[in-house]
Amino acid sequence: MTDFRTTVETEASSFDLTYKKKTMLVGSCFTDNIGNMLQYYKFPVKINPFGVMYNPLSVARVLDILMNRSLFTEEDLHQHNHTWLSFYHDTSFSGEEKAQVLKTINKQINEGFEWLLSTNMLILTFGTARVYQHRETENIVSNCHKIPAGEFKRYLLEVDAIVEEYRSLLENLKQFNPGLHIVLTISPVRHWKDGAVKNQQSKAALILAVQKLREQFPEIEYFPSYEIMMDELRDYRFYAEDMIHPGKTGIRYLWERFADTYIKKSTFKIMSRVEEIVKASRHRPFKPRSLEYQNFLKKQIEKTEQFMYKHPHINLQDELNQFISRLEGSE
């Protein structure tokens with residue numbers, strides 16, 4: 001039968017991800033998509049310790065700060081409209097209390113340092129090669145925080161500038177965590193506010209930069225999320241309502257391609273068991289006080305406890321607590 005689509009092949013990986021290996025993800029929206037799926041299946045994972053990052057220089061800055069455990073001080077924060085913020089973090093870190101903002105940021109730096117030091121897999125996702133440079137500080141920011149555009153200079157990064165930044169960063173990462181396996185990918189989300197032509201220019205710069213880096217660091221792998229979305233999932237049924245971001249079906253397909261590439265085959269059976277328990281914990285009964293539901297909860301508690309005893313490195317404590325709490329509330 002004719003296959004009515006073009007298939008993007010992924011390179012075979014030398015890395016096998018299992019439940020005993022840790023993953024860290026930094027970068028654009030695709031990072032959250034894949035990271036959330038890893039979390040769903042209870043893999044040990046750390047996602048965007050500074051929030052979503054769109055350009056490669058901001059991603060590099062996050063990693064540099066984490067490797068050096070460079071804690072922030074009050075001088076690193078800025079105030080706008082009665083809100084304290086960091087130009088190196090997304091808006092989820094902002095707040096009216098300076099001390100609390102600083103505490104949250106430094107907590108993530110400390111946790112991120114430990115995670116990066118011990119993680120087995122690092123996935124970096126680049127979204128755009130266009131950056132905003134704060135005119136006053138001359139620093140490239142990760143987020144403009146709705147500050148007037150006139151306070152920033154916007155431009156397209158040169159390919160060589162990206163490569164130069166990452167050449168030294170990747171060398172430092174190899175020394176910091178010698179066993180680290182690095183995967184680069186380009187976000188399938190188009191930056192449509194730039195227009196179709198400028199979006200393609202930006203993605204092209206990222207693609208060329210990644211290729212140059214891989215020539216210099218052959219051990220680095222590339223996962224073609226952008227290419228899969230553009231060539232395999234060209235139908236708009238794979239997109240969200242904004243016709244820009246991948247929809248649920250598109251995200252699921254990208255996840256399956258990612259899992260087939262990096263997750264050890266024997267791990268899929270365990271993932272299936274984990275999903276059964278997670279789905280059961282999210283089940284909402286029509287009659288929560290019925291004897292039938294109580295028996296269901298008892299069965300799930302026993303099943304979860306047995307699974308955790310057999311796989312103590314997989315954390316299903318939240319799901320177990322939910323089953324126990326609902327059983328006590330239904331009796």
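## Pockets, a three-stranded sheet and one helix

Helix 2 (residues 56–68) supplies three residues to the lining of the second largest pocket, the largest share of that lining. The model described here is predicted. The second largest pocket holds about 150 Å³ of space. Its lining consists of L57, S58, R61, Y88, E138, N139, I140, S142 and E165. By class, three of these are nonpolar, three polar and three charged.

Two residues of this lining, E138 and I140, lead to the sheet. E138 lies in the hairpin of strand 6 and strand 7, where five residues separate the strands, and takes a positive phi near 65°. I140 belongs to strand 7 and is the bridge partner of Q133.

### The sheet

The sheet is open and has three strands in the order 7-6-8, with antiparallel pairing. Strand 7 (140–141) and strand 8 (152–156) are the edge strands, since each pairs on one side only. Strand 6 (residues 130–134) is joined to strand 7 by two bridges, and the two run antiparallel. Between strand 6 and strand 8 there are five bridges, again in an antiparallel arrangement. As for individual positions, Y132 is opposite V141 in strand 7, while V131 is opposite Y155 in strand 8. Strands of a sheet pair through backbone hydrogen bonds, in either a parallel or an antiparallel way.

How much of strand 6 is buried? Four of its five residues are buried, so strand 6 is largely enclosed by the rest of the structure.

### The largest pocket and the cavity

Strand 6 also takes part in the largest pocket: with three residues, it gives the most to the lining. The volume of the largest pocket is about 390 Å³. Its lining has 19 residues, and Y54, T128, Y132, H191 and K193 lie nearest the centre. Y132 is thus named both here and in the pairing with V141.

A search of the whole structure finds one cavity of 30 Å³ or more. T10, E11, A12, E221, Y222, T261 and Y262 line the largest cavity. Strand 10 (221–223) and helix 7 (248–262) each contribute at least two residues to that lining.

The table sets out the volumes and the classes of lining residues.

| Space | Volume | Nonpolar | Polar | Charged |
|---|---|---|---|---|
| Largest pocket | about 390 Å³ | eight residues | seven residues | four residues |
| Second largest pocket | about 150 Å³ | three residues | three residues | three residues |
| Largest cavity | about 40 Å³ | three residues | two residues | two residues |

### Helix 5

Helix 5 (residues 196–216) has 21 residues, and at 1.5 Å a residue it should span 30 Å; the C-alpha atoms at its ends are 31 Å apart, which agrees.

Which residues of helix 5 are buried? They are N199, S202, K203, A205, L206, A209, V210, L213 and R214. These buried residues cover an arc of only 165° around the axis, which puts them on the same side of helix 5. An α-helix has 3.6 residues a turn, so residues three or four places apart point the same way. V197 and E215 are exposed on the other side of helix 5.

Technical notes: Residues numbered from 1 in each chain as written. Predicted model: local features only at pLDDT ≥ 70, side-chain atom pairs only at ≥ 80, totals over all residues. Heavy atoms only, no water. Expected span 1.5 Å × (residues − 1). Buried < 20%, exposed > 50% of the residue type's maximum accessible area, 1.4 Å probe, protein only. Arc of directions from axis to C-beta. Pairing = 2+ DSSP bridges. 1 Å grid on protein atoms, 1.4 Å probe; cavity = no way out; pocket = protein on both sides within 12 Å on 5 of 7 lines; lining within 4 Å. Points joined across faces, edges and corners; volume = space filled by probe spheres on them. Nonpolar A, V, L, I, M, F, W, Y, C, P; charged D, E, K, R; others polar.
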